[in-house]
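What surrounds the ligand, and which helices are covered by the rest of the protein? Look at the sequence and structure below, then read on.

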Amino acid sequence: MTYPLEPDANEMHRLVDEAMQRIVAHIESLPTQPAINVDGATEYARTLIEPLPREGQPFESLLDFLFNDAIPRSFNAAGPGYLAYVPGGGLFHSAVADLIANAVNRYIGVCAAAPALVQLESNVVRWFCEILGFPGTAGGVLTSGGSLANFTAVVTARRAMLPDDFLRGTLYCSNQIHHSFQKAASLAGFPIANIRELPVDDRYRIRIDALQDAIARDRADGWTPFLVAGSAGTTPTGAVDDLAEMARVAREERLWFHVDGAYGALFMLTERGQTVLRGIEEADSVILDPHKTLFLPFGTGAVLVRDAHALRRAHSSHADYLPDMQEEDGLVDFCEISPELSRDFRGLRVWLPLKLFGIEPFRQQLDEKLDLIAIALAELRKIEGIEIVAEPQLTILAFRLVRPGLSTEQLNDLNRDLLARITARKRVMLTPAILDGVFVIRIAISSHRTHRDRVEMAMEDIRAEVLRYE
Ligand SMILES: *Cc1c(COP(=O)(O)O)cnc(C)c1O
């Protein structure tokens, strides 16, 4: 009797070796792959719909299909030319960690099931707290990404600040905050109308006067303000709110201070970042995305909470069929502090690269990105007609091409066209933002694979395409 679902030693080697050959070739060719390759990709996707397979087919043919057909038809989010949205790259070492974690398949939802492995993941959370300057009382949990981290934070704040009947609770943020914050509030049970999206200043940071006015008005009207959310790097322009001022308002008003640092918080590793992010260490909760600015593969976010007990109060829930939960400080059951029970051992994919290299190469990468965006800014300024709409506060900037005599609508069309032409060169992928009805082009530099040569390519392509609009 043979069991195809249980490969023997030779078969395991063969599977990994054959996959590795494709993976290495793929990663080594990233710099010459197109930055975006989705012409006809959705039509192609539709041709893949098929019934439940009744019979198997050779591994090699499946690898051919994946690496030759399915994978290439995408945004090349792993490549150096991905300056779109918020890049991360994807460390290969984390992929190796995932192979180990999935192959040994230990259970880390409860501490008793694998205490040492749970401790490794807890260490990762502690290290993130240390990077932020959080006190020893802080704790947190790794999530699948920023969205689930925002959700966990809002639920924690709701539990800490409001009664069970919480529908008078109101939340405050700028109109530039990532939509996952509104989604988190909505999933946490708040009507969208309870979220106050406030105006921003000329650098796209929340207006503190508007924040104070809104809180005062709501109190007068019988609402219960309970949470103010700052952005440590917005998606459209990378703007960082004045976090120190927001912390002060939150303190004076006795509100929970949350910071969305999915993109920006890890810049606390750099001196320049620490200056821009001053005040983040005063937050009650912060989210960050290692799958962005720690260059990990997608599927790794984190929420950190100043008072670790608050997380547990919001998420703890008893079941007799589970092992005993840890009561001593220093040990943690992830299921007690998060919405999840069974899940992947995602901590290993952070732990392995940090233990292999220490933090220094990560700091150095983020410093390089800060230098690169400064180069991009200086080069864009030299191009006739380019208007810098948002200077970089971290490593995202927004610009547009302006030609005299055109209306906003015409300029929007022109810039939409310009963006399409730059991207059609396939060396870099850029994405747009709409700011007050104005179409702008963003450059976001945050992948460990993006270096000076790629920024120069971006500038060459922008310069060449701008010339068409003389
Ligand atoms: C990416 C991002 C999010 C959402 O995180 P996911 O990991 O995509 O779920 C939230 N806020 C900001 C500022 C982001 O950049």
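A polar contact is a pair of N or O atoms within 3.5 Å. The model discussed here is predicted.

## Ligand site

A polar side-chain atom of aspartate 260 lies 2.6 Å from a nitrogen atom of the ligand. Lysine 292 also uses its side chain: a polar atom there is 2.8 Å from a ligand oxygen. Glycine 146 uses its backbone instead, with a polar atom 2.7 Å from an oxygen atom of the ligand. On its own the ligand exposes 380 Å², and the protein buries 85% of that.

The shell around the ligand holds 14 residues. Gly146, Ser147, Asp260, Asp289 and Lys292 are the closest. By class, the shell has three nonpolar, eight polar and three charged residues. Helices H6 and H11 (290-293) each supply at least two of its residues.

## Confidence

Mean pLDDT for the protein is 97. Of its residues, 100% reach 70 or more. Among the elements, strand E5 has the highest mean, 99. Helix H12 (residues 308-315) has the lowest, 96.

## Helix H7

Helix H7 spans residues 179-187. Its buried residues are Ser180, Phe181, Gln182, Ala184 and Ala185. They pack against helix H6 (146-161) and four strands: E2 (169-174), E3 (195-198), E4 (224-231) and E5 (256-261). Glycine 189 follows H7, and its phi is positive, near 105 degrees.

In general, an α-helix has 3.6 residues a turn, so residues three or four places apart point the same way.

## Helix H13

Helix H13 (residues 347-357) is mostly covered, with eight of its 11 residues buried. The buried set is Gly347, Leu348, Arg349, Val350, Trp351, Leu352, Pro353 and Leu354. Their cover includes helices H4 (92-104), H5 (115-132) and H14 (360-381), as well as strand E1 (139-143). Glycine 358 comes just after H13 and takes a positive phi of about 75 degrees.

## A buried asparagine

Is asparagine 415 buried or exposed? It counts as buried, because its relative accessibility is 0% and the cut-off is under 20%. Asparagine 415 lies in helix H15 (residues 408-424). A polar atom of its side chain is 2.7 Å from the backbone nitrogen of leucine 401. Leaving aside residues up to four places away in sequence, asparagine 415 touches Arg400, Leu401, Phe439 and Ile441.

## Positive phi in two tyrosines

Which loop holds tyrosine 85? It is the loop between helix H3 (59-70) and H4. Phi of tyrosine 85 is near 40 degrees, a positive value in a residue other than glycine. Tyrosine 85 counts as partly exposed, at 41% relative accessibility.

Tyrosine 204 is not a glycine either, yet has a positive phi of about 65 degrees. Tyrosine 204 sits in the loop between E3 and H8. With a relative accessible area of 16%, tyrosine 204 is buried.

## Aspartate 209

Aspartate 209 is found in helix H8 (residues 208-220). Aspartate 209 is partly exposed, with a relative accessible area of 39%. Its C-alpha atom is 9.8 Å from that of proline 199, and the two residues are 10 apart along the chain.

Methods: Residues numbered from 1 in each chain as written. Predicted model: local features only at pLDDT ≥ 70, side-chain atom pairs only at ≥ 80, totals over all residues. Heavy atoms only, no water. Buried < 20%, exposed > 50% of the residue type's maximum accessible area, 1.4 Å probe, protein only. Contact = heavy atoms within 4.5 Å. Near = heavy atom within 4 Å. Polar contact = N/O pair within 3.5 Å; in protein donor to acceptor, adjacent residues only side chain to side chain. Areas by Shrake-Rupley, 256 points an atom, 1.4 Å probe, with all protein chains shown as cover. Nonpolar A, V, L, I, M, F, W, Y, C, P; charged D, E, K, R; others polar. pLDDT = per-residue confidence, 0-100.
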